[in-house]
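Please examine the structure below together with its sequence. The paragraphs that follow lead from single residues to the packing of helices.

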Amino acid sequence: MAVDSAPLLSCEGDEFGLQSPFPHDLPHHDTTTHQGGTSFLKTCFNVVNALSGIGILSMPHALAQGGWASLILLLAVAVICCYTALLMQKCMTAYPLAKTYPDIGEAAFGHRGRVIVSTLMYLELYLVAVEFLILEGDNFDRLFPNLGFETLGMRISGKQEYALLAALVILPTTWLRSLGLLSFLSAAGVMVSFVLVGTVLWAATIDGVGFHVEKGRVLFHLKGFPTVFSLYAFCFCGHPVFPSIYASAKDGKRFSTVLIICFVLCTFTYGSMGVLGYLMYGQEVKPEITLNLPLGKMSSKLAIYTTLINPFTKYALMITPIASAIEDHVVSPIFDSRAANAVLIRTLLVISTVLVALTVPFFGDVMTLTGSFLSSSATMLLPCICYLKLCPASRRCRLELMIIGGILAMGSSFAVLGTVSALRGIVNQM
């Protein structure tokens, strides 16, 4: 996922709550120029940041699941997700008071649409936060293995211990009401992808891992395509924050150009990581490429440390929208203070993500589940459905209807198959 945060360099706020910021009778006029908005380059930066995330670690694993032919699927998913992002832009052009994804949902289907879109967004953010803790546990255990302890008759493994410690360190960041500093720190996510590709290439060419074509001879593995599709959908799921980025852009008319440039760049980055990792380790590659890199090498340490820093800056950005929505609807019987109530709710949210991460510590399967069930809905299904509802003229174009129908059929099919595959994998490992 790439859906990691709201715009980092914006001039307008982002509404995550379920309340409607506008009446149902939205005006139909075009306001694509926003005074004091972000420049073209800053808008590109925000989109790349939304698309750049921990999904890049699983790109070699995706190729191992689907074979070399899955690169074609990577390109197809990238094109589809870029197209549906353009559809969202058209929806916001038609309904300029819609500033966020839930706004688009409400414009199309009323309060029920807002609730559905918001729920999917919050579930995805929640599972990404869980993924961060699993990632921390896996990679810290890679650096400092064979640690753990026993308490109350239970054995706490090294991975679980590191996940707990990471949660304790991250917890205070979730209490902050203003996340401006963390937002700018999380901008490092833009560089993380490039650094990881560079360190993996370094490990292959300088640190002696090399490329082993014989390890990756699988050309086509149809059975693995639902998993592959889910992982790719997770990587390109920046749609929940695209409306906020568009709303903050100085020149909305150039947003389509921004999307195309950023999708091309991120597709190249994801594809490069997949090819490099699969050539290095073939079918032996793990769901996180960092777990394959040789210990003791500078490239490996740099890759793992880079991976570890990212969750510390982005975890709070995932939890805050969920916490804000809960705070607006739930009053604590324990505290009268709104600040104390917020701390309690956010602490309980962190504890819940820890429990999920400890119960289901399977990075690849959780990412597949998130990508199939949530990301595919947010990136493919909902934008198409909202577009058909909000832009009636689109229904008169047979070609466009065929394209949208194909996306809906493909997205729905892979969503079901990917979800079943992920749940089966989780159950088999527990």
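Thr 199 has a relative accessibility of 2%, and it therefore counts as buried, since the cut-off for that class is under 20%. In this predicted model, Thr 199 belongs to helix α7, which covers residues 188-205. Leaving aside residues up to four places away in sequence, Thr 199 touches Ser 299, Leu 302 and Ala 303.

A second threonine may be read in the same manner. Thr 320 is part of helix α11, residues 298-329. Its relative accessibility is 13%, so Thr 320 counts as buried. A polar atom of the Thr 320 side chain lies 2.7 Å from the backbone oxygen of Ala 316. A general property of helices is useful here: an α-helix has 3.6 residues a turn, so residues three or four places apart point the same way. Thr 320 may also be compared with a residue remote in sequence: 147 residues along the chain separate Thr 320 from Thr 173, yet the C-alpha atoms of the two are 9.9 Å apart.

The chain as a whole may now be considered. It has 430 residues, of which 57% count as buried. Its elements are 14 helices and two strands. Among contacts between residues at least 6 apart in sequence, 84% join residues at least 24 apart.

The next topic is how helices pack. Two packed helices are described by the angle between their axes and the distance between the axes. Helix α8, residues 225-235, serves as a starting point. How many of the residues of α8 are buried? Eleven of its eleven residues are, so that the helix is mostly covered. Among these buried residues are Phe 225, Pro 226, Phe 229, Leu 231 and Cys 235.

One partner of α8 is helix α2, residues 59-66; the two axes come within 8 Å and cross at roughly 155°. The helices α2 and α8 are therefore roughly antiparallel to each other, and their crossing is left-handed. On the α2 side, the contact involves Met 59, His 61, Ala 62, Leu 63, Gln 65 and Gly 66, which meet Phe 225, Thr 227, Val 228, Leu 231, Tyr 232 and Cys 235 of α8. Sorted by class, this contact holds eight nonpolar, four polar and no charged residues.

Another partner of α8 is helix α14, residues 398-429, with axes that come within 8 Å and cross at roughly 105°. This angle makes α8 roughly perpendicular to α14. Here Phe 225, Pro 226, Thr 227, Phe 229 and Ser 230 of α8 meet Met 410, Gly 411, Phe 414, Leu 417, Gly 418 and Ser 421 of α14. The contact of α8 with α14 comprises six nonpolar, five polar and no charged residues.

A further pair consists of helix α4, residues 101-143, and helix α5, residues 158-174, whose axes come within 7 Å and cross at roughly 125°. Why are α4 and α5 described as oblique to each other? Their angle lies between the range for roughly perpendicular, 65 to 115 degrees, and the range over 145 for roughly antiparallel, so the pair is classed as oblique. The crossing of α4 and α5 is right-handed. Residues of α4 in the contact include Leu 133, Glu 136, Asp 138 and Asp 141, while those of α5 include Lys 159, Tyr 162, Ala 166 and Ile 170. By class, the contact of α4 with α5 has seven nonpolar, two polar and four charged residues.

Conventions: Residues numbered from 1 in each chain as written. Predicted model: local features only at pLDDT ≥ 70, side-chain atom pairs only at ≥ 80, totals over all residues. Heavy atoms only, no water. Axes fitted to C-alpha atoms, helices over the stretch in contact; angles between N-to-C directions. Helix = DSSP H or I, 4+ residues; strand = E, 2+ residues; numbered from the N terminus. Parallel < 35°, antiparallel > 145°, perpendicular 65-115°, else oblique. Left-handed = near helix turned anticlockwise from the far one by under 90°. Contact = heavy atoms within 4.5 Å. Nonpolar A, V, L, I, M, F, W, Y, C, P; charged D, E, K, R; others polar. Buried < 20%, exposed > 50% of the residue type's maximum accessible area, 1.4 Å probe, protein only. Polar contact = N/O pair within 3.5 Å; in protein donor to acceptor, adjacent residues only side chain to side chain.
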